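Student: I've got a model open on my screen and I'd like to learn how to read it. Can you take me through it, starting with the ligand?

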Amino acid sequence: MTQLDSRALRNAFGTFMTGVTVVTSHDPGRNPIGFTANSFTSVSIDPPLVLVCLANSSRNYKALTSADGFAVNVLSESQIEVSNTFARPVEDRFASVEWRPGPVGSPVIEGVSAWFDCAMHKTVDAGDHVILIGEVKAFDSTTSAGLGYARGAYVTPATASGALSQNTDLIVSALIEREGHVLLVEGEQGLAPPEAAVGSRGVSATLNRLIGATGLSVEPGFVYSVFEDATHKRQHIAFLCQAAAGAPGKGVFQPLEPTSFGAVSNPAIRVMLERLAQESQLGDFGIYYGDQNKGEVRPIIRGGL
Ligand SMILES: Cc1cc2nc3c(=O)[nH]c(=O)nc-3n(C[C@H](O)[C@H](O)[C@H](O)COP(=O)(O)O)c2cc1C
């Protein structure tokens, strides 16, 4: 067990992959304020509550803890610079971004993956941070992939694919989930989730094509598994996605139960689907990194400091 010193603890917290947000509001003079935060998490659906943790040392501590509300801007994969700007002591952080007031009034930044404009519900002192709990009054989300953060570095689908070696095919697959079922189609490698080689198209474009081909309305989600399939000389990135109602153009939704995937011929894909079945029952997801035999599941927590 590691000694409970604060640096080791900070490093341990940092092993979890989180999203990256910019939390915005106004100071008493109605000037926009904001800071980068990865401690965002959803709290409650009814009423719709979210939280973010703010360091007591923040220059904006007073303004944020006495504000009427705040907005959480979930950054997209192309917004690393926005994250850096709002994490550094830049004089006017809003000078380099396009933004507009959200419906409740807090600044909403252009090009974000999602935003939640909130009324302040409660603040709770918690050690060297204060928890800002907001009630979501308006929100929107897009299909652009979110920016990730783990071990002190940004993670995007592009960096995830760049980490993979170059001399094998890179395959993207879409784990399209709906109400405890996952979409499987009959492909070249037998029954599997929809998948395609990336080629020169890029990871996001390949995922969007896969989604488009289902004929369903699907929200692309997070990277669920990154693994090397040496047997088939393939590198694999699987994205977990949510589908709305409707009949798929191709394939069938199979129940997400560990026993459902006997007909999936590729063992690496079968193991991934079995893990998905287990995790969706627990409501607790991780990201797998490794090869088709051995790897590591790193938990995803929706918070962190
Ligand atoms: C990826 C990332 C995540 C961060 N998450 C948080 C957070 O959740 N809470 C926090 O108080 N600071 C967080 N920070 C640090 C603040 O963004 C940073 O200290 C900023 O300068 C605070 O600005 P302020 O003092 O103007 O409020 C994070 C920084 C980065 C790069």
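Tutor: Sure. Start with polar atoms on the side chains around the ligand. Ser-58 has a polar side-chain atom 2.5 Å from an oxygen atom of the ligand. Keep in mind that this is a predicted model.

Student: Which distances do Asn-60 and Arg-93 have to an oxygen atom of the ligand?

Tutor: For Asn-60, a side-chain N or O atom is 3.2 Å from a ligand oxygen. For Arg-93, the corresponding distance is 2.9 Å.

Student: And how much of the ligand's accessible area does the protein cover?

Tutor: On its own, the ligand has 640 Å² of accessible area, and the protein covers 81% of that.

Student: Which residues come nearest to the ligand?

Tutor: There are 15 residues around the ligand, and Thr-36, Ser-39, Cys-53, Ala-55 and Ser-58 come nearest. If you prefer to think in elements, strand 3 (32-37), strand 5 (49-55) and helix 3 (80-87) each supply at least two residues of the shell.

Student: What about Asn-38, where does that residue lie?

Tutor: Asn-38 is in the loop between strand 3 and strand 4 (41-44). A relative accessibility of 17% is under the 20% cut-off, so Asn-38 counts as buried. The Asn-38 side chain also has a polar contact of 3.3 Å with the side chain of Thr-18.

Student: Let's move on to charges. How many salt bridges are there?

Tutor: The idea is to look for a side-chain nitrogen of Lys or Arg within 4 Å of a carboxyl oxygen of Asp or Glu. By that rule there are 3 salt bridges. In one of them, Arg-100 and Glu-110 meet with N to O at 2.9 Å.

Student: Which parts of the chain does that pair tie together?

Tutor: Arg-100 sits in strand 7 (residues 99-101), while Glu-110 sits in the loop between strand 8 (107-109) and strand 9 (114-126), so the pair links parts that are 10 residues apart in sequence. Arg-100 is partly exposed at 34% relative accessibility, and Glu-110 is partly exposed at 39%.

Student: What are the other partners like? I'd start with Glu-135.

Tutor: Glu-135 forms a salt bridge with Lys-137, and their closest N and O atoms are 3.7 Å apart. Glu-135 counts as partly exposed, with 23% relative accessibility. Then look at Glu-279, which forms a salt bridge with Arg-275 at 3.0 Å between the closest N and O atoms.

Student: Are Glu-279 and Arg-275 buried or exposed?

Tutor: Both are buried. They sit in helix 6 (residues 267-282), 4 residues apart, which is about one turn of the helix. Arg-275 has another neighbour to check: this residue lies over the face of Tyr-224, 4.1 Å from the ring centre. You can see a similar arrangement with Arg-178, which lies over the face of Phe-253 at 4.2 Å from the ring centre.

Student: That brings in rings. How many aromatic pairs does the structure hold?

Tutor: For a ring pair, check how far apart the centres are, then the angle between the planes. The structure holds 5 aromatic pairs. Phe-86 and Phe-94 make an edge-to-face pair, 5.1 Å centre to centre with 90° between the planes. Phe-86 is buried at 1% relative accessibility, and Phe-94 is buried at 6%.

Student: Why do Phe-116 and Phe-139 count as stacked?

Tutor: Their ring centres are 6.0 Å apart and their planes are at 15°, so the pair is stacked. Phe-116 is in strand 9 and Phe-139 is in strand 10 (residues 129-141), so the pair ties together parts that are 23 residues apart in sequence. Phe-116 counts as buried at 19% relative accessibility, whereas Phe-139 counts as exposed at 56%. Together with Phe-40, Phe-116 and Phe-139 form one aromatic cluster.

Student: One last spot: where is Gly-215 found?

Tutor: Gly-215 is in the loop between helix 5 (203-214) and strand 17 (218-219). With a relative accessible area of 64%, Gly-215 is exposed. Try comparing sequence with space here: Gly-215 and Gly-246 are 31 residues apart in sequence, and their C-alpha atoms are 8.5 Å apart.

Note on methods. Residues numbered from 1 in each chain as written. Predicted model: local features only at pLDDT ≥ 70, side-chain atom pairs only at ≥ 80, totals over all residues. Heavy atoms only, no water. Buried < 20%, exposed > 50% of the residue type's maximum accessible area, 1.4 Å probe, protein only. Phe/Tyr/Trp six-rings, centres within 6.5 Å; stacked < 30°, edge-to-face > 60°. Lys NZ or Arg CZ within 6 Å of the ring centre and 35° of its normal. Near = heavy atom within 4 Å. Polar contact = N/O pair within 3.5 Å; in protein donor to acceptor, adjacent residues only side chain to side chain. Areas by Shrake-Rupley, 256 points an atom, 1.4 Å probe, with all protein chains shown as cover.
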